[in-house]
Amino acid sequence: MANKTAESISREEFFYGHKACAGCGGSLAVRAALKVLGKNAVSVLPAGCMSAVGFNFPQLCFSNNSIISTFAGTASMLTGVEAGLRAKGYKDFTAVGFAGDGGTADIGIQALSGAIDRNDNIIYICYDNEAYMNTGIQKSGLTPFGAKTTTTPAGRNIHGNIRPKKNMFEIAAAHDIPYAATASVGYLPDFIAKVKKASQIQGTKYIHVIAPCPTGWGVAPDETVEIAKEAVDSGLWYLAEYENGRFTLNHKPKEFTSVEAYLKKQGRFRHLDDEDIRVITESRDKKWEHINSSFEYSGK
Amino acid sequence: MSRKFLSGNEAFAEGIRLARPEVISAYPITPQTIVVERLSEMVEDGSLKAEYVHVESEHSALSCAIGASAAGARAFTATSSQGLLYMAECLYYAAGGRFPIVMMNADRSTALPWNIYGDQRDSLSQLDSGWIQAYAENAQEALDLALMSYKIAENKAVSTPFMANLDGFVLTHTYETVEIPDREQADRFLPPYETDNRIDFDDPKNMAFSAGPDTNYIFKYREHEGVLAAKAVIAETEKEFAEIFGRQYTGLTESYLTEDADYILITLGSIAGLCRETADKLRSRGVKAGVLRIRYMRPFPNEEIARELKNAKGYGVLEKDISFGNEGAVYTNVNSALKKAGLTIKGGNFIGGLGGRNISAADIEGIFADIADGKDGVHFLGIGGSDNG
């Protein structure tokens, strides 16, 4: 991980004055990424939290060129923006998409796959808050096992969501994309370094950043960064990269923190019983067996 | 100028080559595919300098074109039928964003039942999407429309996307001799696209935003004004086109023997030729028949229709469309034009050509006879006839 300090990134703000909930992880990811990419970033955001809170005429909150796409069309609009600007002779710009988990893993996955297939010169950042938060916390393809949402209620018969998250990072990598990475707003310097790296690579780049939603997760607004960190520390999320056909692990917790403690802090998981937690812990361990056997470790 | 023997699709592609789009998003669908095939060849041989994007769906085709247009580039795509319906969300988006994209639509039947042949149920279902909608009759008109479409769409008062419709197979795949304008003349007619409605690094913009109940209607009103403004711009553009290329078009409609006609058949697209021939035949028998071809469904030619029909005894609307549970969309629009003009002429709606079913000269003669009988209401050609019960 790059050792960034607050002084080393731009003081310029590109996303401010918006109406995001207090403690919004998604807005933190967008804000940090735009500080890295600078004023020549052209951001494309689909229908979703960030567009809903940032683009309410006449209160428009991006100071760089930004546009809302259709829900399914983040990647395809990025393609058009990039091709159009290139056709007009521009060279010094970055077309960057910020889409949520539903906009990426569900409705937008076809367009994303198409863009990666064409190797369009774009950065696609998925800010993953693990449900359709903008519409009021419904299950998406990236909602984790056991999470209570408004469409996966936690009752006596079913304990919230019955399916694990799609592995978007490895789905992107399976296209043999030039660069893909996972990140967490709990490890902001790592995320910032990955955005920077992505901006220097030609072709399609995919960054999947865990961005907690206090409203949907049932944590306090000032716990966003802490819970995003704990997602990584407990081993339920991981920081990795895919580049030149190889997977690299960027951060290896010496010892995982308690899965149960991570889960029970959040309203969406509070209903889980011992058996549910055992299932989640087992799936974490299985995931790490895979990571340890097939990812190189970049650290010491 | 040169002459070539081209299909409707190929003629349209030639017109697009002359219009110099900077971004083309391409996805195949019968019977449109030949357009994007020809354009890919033009990009390959260097006669068209454009970013050619192989999108993975029609939704992405138009979404990509919107992105390109937002970047200030001239954008083109083409589709048909299910593809048009699949991208429908983006139609409204492009229009609301005032992006003057041009799209060719090969008019084709919509499933179910599946059918690849021509009718107009695809495009007519999208009249409310905010696009200018033109319907070509022949390959020459298709080529000329391709060139004129950008000039109309990009006019600052209009700033509206343009859908050029060609009847599937009957026009898209039929070969005719076509005059192809010279490159220099085309460039003189159509200058490069200039707009403020674009990404600007000196003055960054937030585009395609939300507007709440207090302002939303203003944007919609302006969108409406943009489409209406196209009326005058179409007339100006055709005048300039005639001065440079020598071919004269007639605005939102094209009249044939309507001036003294008792019975006028209103239609659109490639069937108009047979309607005119039939009118000639009837005229030789002393029946005062006329034909009014609608060239633009949006903006709609309310005044033109009222003007042409004001002395008629009866009219019929022949269309390849039905709005189930009511009548054809063209008939609804025509009746509205007549009502607004205070005209009370009897007229019927003749639904034909669905799923590519042939409309014969005898069918059209029958329609004129029905008009003369004062028949109104909705009639499906063939239903109840001798050939299919």
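**Strand pairing and contacts between chains A and B**

In this predicted model, strand β2(A) lines up with strand β10 (residues 210-211) of chain B, the two pairing in the parallel sense through 2 bridges. Within this pairing, Asn56(A) stands opposite Ser210(B) of β10(B).

A second link between the chains involves strand β4(A), which runs parallel to strand β9 (residues 206-207) of chain B and is joined to β9(B) by 2 bridges. Here the residue facing Ile67(A) is Met207(B) in β9(B). Strand β4(A) also has a partner in its own chain: strand β1 (residues 41-46) of chain A pairs with β4(A) in the parallel sense over 4 bridges. In that pairing, Leu45(A) has Ile68(A) of β4(A) as its bridge partner.

A closer look at β4(A) itself is a helpful next step. Strand β4 spans residues 66-69 of chain A, and both of its faces are covered. Ser66(A) and Ile68(A) lie on one side, Ile67(A) and Ser69(A) lie on the other, and all of them are buried.

The view can now be widened to the contacts between the two chains. In total, 34 residues of chain A are in contact with 38 residues of chain B. On the side of chain A that touches chain B, two or more residues come from each of β2 (55-57), β4, α3 (74-87) and α5 (109-118) of chain A. Of these, α3(A) provides the largest share, with 11 residues. By residue type, this side of chain A comprises 15 nonpolar, 16 polar and 3 charged residues.

Methods:
Residues are numbered from 1 along each chain as its sequence is written. Chains are lettered from A and ligands numbered from 1 in the order in which they are written. This is a predicted model: local features need pLDDT of at least 70, side-chain atom pairs count only at pLDDT 80 or more; totals for chains, interfaces and linings use all residues. A residue is buried if 20 or more other C-beta atoms lie within 10 Å of its own, exposed if 12 or fewer, and partly exposed in between; C-beta atoms are placed from the backbone. Two strands pair if DSSP finds at least two bridges between them. Two residues are in contact if their C-beta atoms, placed from the backbone, lie within 7 Å. Ala, Val, Leu, Ile, Met, Phe, Trp, Tyr, Cys and Pro count as nonpolar, Asp, Glu, Lys and Arg as charged, and the others, Gly among them, as polar.
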